[in-house]
Amino acid sequence: MNKTCTIDLIRKGYGYLIFGTSSLQSAFLLGVRLVWGYELFEAGSGKLLHIEKPIGYFTSLGIPFPVENAYLVGCTEMFGGIFLALGLVSRLAAIPLIIDFIVAYITTEQTALQKLIHFDPDAFISADPFTYLLASVIVFIFGPGAYSVDGVLKRVFSSPSQPKNKTVRAPIAPLTPAREQSTERVH
């Protein structure tokens, strides 16, 4: 087997690896959205059903307007969780959730933040807001995926003038004969 054939085989295999793992993105995003969206819904609705607990906690932390902030946090988590789980305006819903969890770190997890600044991430990662913050950032950056209300709306309302390319190509093309000749001249 010559060198060019081996390189082509490696490129083609790597292209299939990229294609195969990329096809799992929407399923992964669905899992993230369902798990943490439901957890956020439960956390937020729990805060709203027992509003005296977060009000007392916020008061003990010295957070200004503890009553209003308790309702704000409860509603943000409950409705943000619903929107996240459904994949409805997901990126927009992720913004107040990200802010909510950054504020949670600033107000309740100062030790974790200080350790993170000193390159000791264990406390930051093990803090309560971390997984919710991570899930919100993932959905904000990558979107909700194809298996979401946003994905369905995008497919329904997409412009029919755009041709749908159903050709599946590997992301890395094999070497062409022209490339082979140019690489052989270099030797």
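**Entry 1. The largest pocket**

I began with the lining of the largest pocket and sorted its residues by class: 15 are nonpolar, six are polar and six are charged. I note at once that the model is predicted. For the volume of this largest pocket I recorded about 710 Å³. The pocket is lined by 27 residues, and those closest to its centre are Lys47, Phe58, Val73, Glu77 and Ala104. I then looked up which elements give two or more residues to this lining, and found α2 (25-49), α3 (52-61), α4 (66-86) and α5 (90-108). Of the elements, α5 gives the most, with eight residues.

I also wrote down the general idea behind such a search. A probe the size of a water molecule, rolled over the atoms, shows where empty space is left.

**Entry 2. The salt bridge**

Two of the residues listed closest to the pocket centre, Lys47 and Glu77, made me look up charged pairs. How many salt bridges does the structure hold? I found one. Glu77 forms a salt bridge with Lys47, and their closest N and O atoms are 2.7 Å apart. Because Glu77 lies in helix α4 and Lys47 in helix α2, the pair ties together parts that are 30 residues apart in sequence.

Next I asked of Glu77: is it buried or exposed? Glu77 has a relative accessible area of 5%, so I entered it as buried, the cut-off for that word being under 20%. Its partner Lys47 has 25% relative accessibility and therefore counts as partly exposed.

**Entry 3. The second largest pocket**

I turned to the second largest pocket, which has a volume of about 270 Å³. Its lining is made up of Ser22, Gln25, Ser26, Leu29, Phe142, Gly145, Ala146, Gly151, Lys154, Arg155 and Ser158. The elements that give two or more residues to this lining are α2 and α9 (149-157). By class I recorded three nonpolar, six polar and two charged residues.

**Entry 4. The nonpolar patch**

I looked over the surface for nonpolar side chains. One patch consists of Phe79, Phe83, Val89, Leu92, Ile95, Ile99, Val103, Phe140, Ile141 and Phe142, and together these residues have about 930 Å² of accessible area. Helices α4, α5 and α8 (130-142) are the elements that give two or more residues to the patch. The largest share, four residues, comes from α5. I noted that Phe142 belongs to this patch and that Phe142 also lines the second largest pocket.

I took Phe79 as an example from the patch. Phe79 lies in helix α4. With a relative accessible area of 41%, Phe79 is partly exposed.

**Entry 5. A contact between distant parts of the sequence**

What separates Ala27 and Tyr147 in sequence and in space? I recorded 120 residues along the sequence, while the C-alpha to C-alpha distance is 7.2 Å. Ala27 lies in helix α2. At 41% relative accessibility, Ala27 counts as partly exposed.

**Entry 6. Backbone angles in two loops**

I first wrote down the background for this search. Most residues other than glycine have a negative phi. Which loop holds Phe65? I found Phe65 in the loop between α3 and α4. Phe65 is not a glycine, yet its phi is positive, about 50 degrees. Phe65 is exposed, with a relative accessible area of 59%.

I made a second note of this kind for Phe119. Its phi is near 60 degrees, again a positive value in a residue other than glycine. Phe119 lies in the loop between α6 (110-117) and α7 (122-126). I entered Phe119 as exposed, because its relative accessibility is 77% and the word is used for values over 50%.

**Entry 7. The chain as a whole**

Last, I looked up the overall make-up of the protein chain. How many helices and strands are there? I counted ten helices and zero strands. From the N terminus on, the elements run α-α-α-α-α-α-α-α-α-α. The chain has 187 residues, and buried residues make up 27% of them; Glu77 is one of the buried residues.

Conventions: Residues are numbered from 1 along each chain as its sequence is written. This is a predicted model: local features need pLDDT of at least 70, side-chain atom pairs count only at pLDDT 80 or more; totals for chains, interfaces and linings use all residues. Side-chain values use heavy atoms; hydrogens and water are left out. On a 1 Å grid over the protein atoms alone, a cavity is a set of points where a 1.4 Å probe fits but cannot get out, and a pocket is an open set with protein on both sides within 12 Å along at least five of seven lines; lining residues have an atom within 4 Å of a point. Grid points are joined across faces, edges and corners, and a volume is the space filled by probe spheres set on the points. Ala, Val, Leu, Ile, Met, Phe, Trp, Tyr, Cys and Pro count as nonpolar, Asp, Glu, Lys and Arg as charged, and the others, Gly among them, as polar. Patches are made of residues with over 30% relative accessible area and no salt bridge: like charges are joined within 9 Å, nonpolar side chains (Val, Leu, Ile, Met, Phe, Trp, Tyr) within 5 Å. Accessible areas come from the Shrake-Rupley method with a 1.4 Å probe; for residues, only the protein chains shown count as cover. A salt bridge is a side-chain nitrogen of Lys or Arg within 4 Å of a carboxyl oxygen of Asp or Glu. Buried means under 20% relative accessible area, exposed over 50%, partly exposed in between (1.4 Å probe, protein chains only).
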